[in-house]
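Trainee: Please give me a close look at one part of this model, the interface. I would also like to see the sheets in one of the chains.

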Amino acid sequence: MSTSMEAVASAARADAPPAIMLDKVNKWYGALHVLRDVTLNVALGERLVVCGPSGSGKSTLIRCINRLETHQEGTIKVDGIELSDDLRALDAIRREVGMVFQSFNLFPHLTILENCTLAPIWVRHMPKAEAEALAMEYLERVKIPEQAKKYPGQLSGGQQQRVAIARALCMKPKIMLFDEPTSALDPEMIKEVLETMVGLAETGMTMVCVTHEMGFARQVADRVVFMDRGEIVEQGPPNEVFENPRTDRLKLFLSQILRGH
Amino acid sequence: MSEAAIPTAARSAPITLVGPIAWVRTNLFSGWFSGLFSLVLLFLIVKWTLGFIEWGVINAVWSVPNNQTQACRDLKGTGACWAVITEKHRFILFGTYPYEEQWRAFLSILVFIGLFIVSAMRRFWRKELGLIWIGALTTIGVLMWGGVLGLNYVPQERWGGLVITLILATFGLAFAFPLSILVALGRRSKLPAIKALCVIYVELIRGVPLISLLFMASVMFPLFLPEGMNIDKLLRAQIAIILFAGAYLAEVVRGGLQSLPRGQYEAADALGLSYWKKTGFIILPQALRLVIPPLVNTFIGFFKDTSLVLIIGIFDLLTAGKTAIIEPAWQGFGIEVYLTVGFIYFCFCFAMSRYSQNLEAELNQHRVR
């Protein structure tokens, strides 16, 4: 990817309205304070990578964005709509936000094609033929159209995760959330999933990605957010965050990550 | 390294003993003790089989003239008196249903069996099946009650036999199953009132024997009704059975719901599916497939539990059989009658069991790699 293209894209993003706004978000699991005053804006078209040690609240954070978890204090606005107990607002948000899980969570009793067409047909009320054409288009983009008639259990982990990405894309979301998409994969399958995600980033999709894949973060992210113990400790462009960590916590984390690789 | 590596040549599996003789040798005569044991068992099996054939076929009396059971009594137990079945089969199957109208009850049984067969075939699993059920059950109602289309009216008190068993079991499970799904979902509801209601229902109904529920339905329930109002006894028993089966099935279904990983709910939520769409397309199809064995176990149990209605004086298949041998001329031929009744129950239960195994294999194809 050329630097000039990057610069153009970033410039376009600077004045775009924020796709996601989190203002002083707090969450507790019982007595455990898992999110502490998290304030974060994600611009339309921005690619954000969230990293941090396990238990730092990064998964909880992105699960709060489409309300798989509820926050107790603060406000979260997605695409201008505030998350609340209002079910209609929630439906509207979930239609615009796609999510990819660590454990794929494909529906094992449906074929790959049915996995991809279910939500467009029943949530977007798309005609079946149109939904199938759309699904095939995305399955081709993630390079597995030939598996459309198979069941998830017949596919490898990497293929399943690519289907999960296609399934989310079939809803034509404005924002994509990735919750450690490669953590459950064998090393040789991580690459194919990351390539798919890089391809998606090149289309200008707004992405929030919890991952430890530093290479991916460097290649794709506009901004890296480092979380520890429920709060955002550092953030900035990937080079800055990875090369010049300012806090000991991030230094420790980076040394552990590098040792692990 | 890769160019140097030569794949190991594929070998065939180690030779195992094959063929029936090898099977017999390894499984029945692997040592002197197992050999002796096999021989003793073989002897007993042959002896009992021959004994049963002698009793049930060779020495059996198949019919007697005008209730003269002397021929049967002369056998002194060395042969079966199938004459009791020849004589009483219509009573066992149709109870006290008027003799000349019994073709209607017979037709109802055929409609029931046809309904089961159609429902069992997956190609009929669509919306029209609901209409088929309504049509079939209406037909059975018209046939049994009559009073329209030139059919004579037959009050419910005169119905009996296999028809009653099929009515109780079919209506019972047809209503109890959907009820149980709602209750199982309700027990996992986030709304405390709905959850409490479902928990109370299950615990209350499960905590009492079916017999006491049937007694309540037949004796106590009418006391609460306003004077002059009367609900059919069969209907009351039917409701008791539905409520009882519903509570048990609800727990089976709940087991299936709980065995689904949370990720399935979350993935459906994240795609924006509403609660009912999530439940209908993602959760129930998987949960119910998982619980086919315990579900059918409960179904079979309830098919036979319908025979408990005898204690409130409803003439089901078993009661009809029991009543058939009350007549002095036929007293003492219980074995033949109970064998026959048992065989009828077995046919239905075995069919359910076999069908469920096929269904399980067919519906769980996605789990086969």
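**The interface**

Mentor: Between chain B and chain A the count is one salt bridge; the term stands for a side-chain nitrogen of Lys or Arg within 4 Å of a carboxyl oxygen of Asp or Glu. This is a predicted model, in which local features need pLDDT of at least 70, side-chain atom pairs count only at pLDDT 80 or more, and totals for chains, interfaces and linings use all residues. Residues are numbered from 1 along each chain as its sequence is written, chains are lettered from A and ligands numbered from 1 in the order in which they are written, and side-chain values use heavy atoms, with hydrogens and water left out.

The salt bridge joins the side chains of B:Glu266 and A:Arg63, at 2.5 Å from N to O. Six residue pairs, with both residues at pLDDT 80 or more, are in polar contact between chain B and chain A. A polar contact is a pair of N or O atoms within 3.5 Å; within protein, one must be able to donate a hydrogen and the other to accept it, and residues adjacent in sequence count only if both atoms are side-chain atoms.

On the side of chain B that touches chain A, helix H11 (262-270) and helix H12 (275-290) of chain B are the elements that give two or more residues. Helices (H or I, at least four residues) and strands (E, at least two) are DSSP runs, numbered from the N terminus. H11(B) supplies the largest share of that side, eight residues. By class, the side has nine nonpolar, five polar and six charged residues. Here Ala, Val, Leu, Ile, Met, Phe, Trp, Tyr, Cys and Pro count as nonpolar, Asp, Glu, Lys and Arg as charged, and the others, Gly among them, as polar.

In full, the contact (heavy atoms within 4.5 Å) takes 20 residues from chain B and 24 residues from chain A. About 2000 Å² is buried between the two chains, and carbon and sulfur atoms give 64% of this area. Buried area is the accessible area (1.4 Å probe) that two parts lose on being put together, summed over both.

Now to a sheet in chain A. Four of its strands form an open, antiparallel sheet in the order E2-E1-E4-E5; two strands pair if DSSP finds at least two bridges between them. E2 and strand E5 (81-82) of chain A are at the edges with a single partner strand each, so one side of each has no neighbour in the sheet. Helix H2 (residues 58-65) of chain A packs on this sheet and touches E1, E2 and E4 of chain A, its direction making about 60° with that of E2(A). Axes are lines fitted to C-alpha atoms, for helices over the stretch in contact, and angles run from 0 to 180 degrees between N-to-C directions.

Within the sheet, strand E1 (residues 18-29) and strand E2 (residues 32-43) of chain A pair antiparallel over eight bridges, and A:Val25 has A:Val38 in E2(A) as its bridge partner. Their hairpin has two residues between the strands, and A:Gly30 there takes a positive phi near 60°. E1(A) also pairs antiparallel with strand E4 (residues 73-78) of chain A, over five bridges, where A:Met21 is matched with A:Lys77 in E4(A). E4(A) and E5(A) run antiparallel and are joined by two bridges, with A:Val78 opposite A:Ile81 in E5(A).
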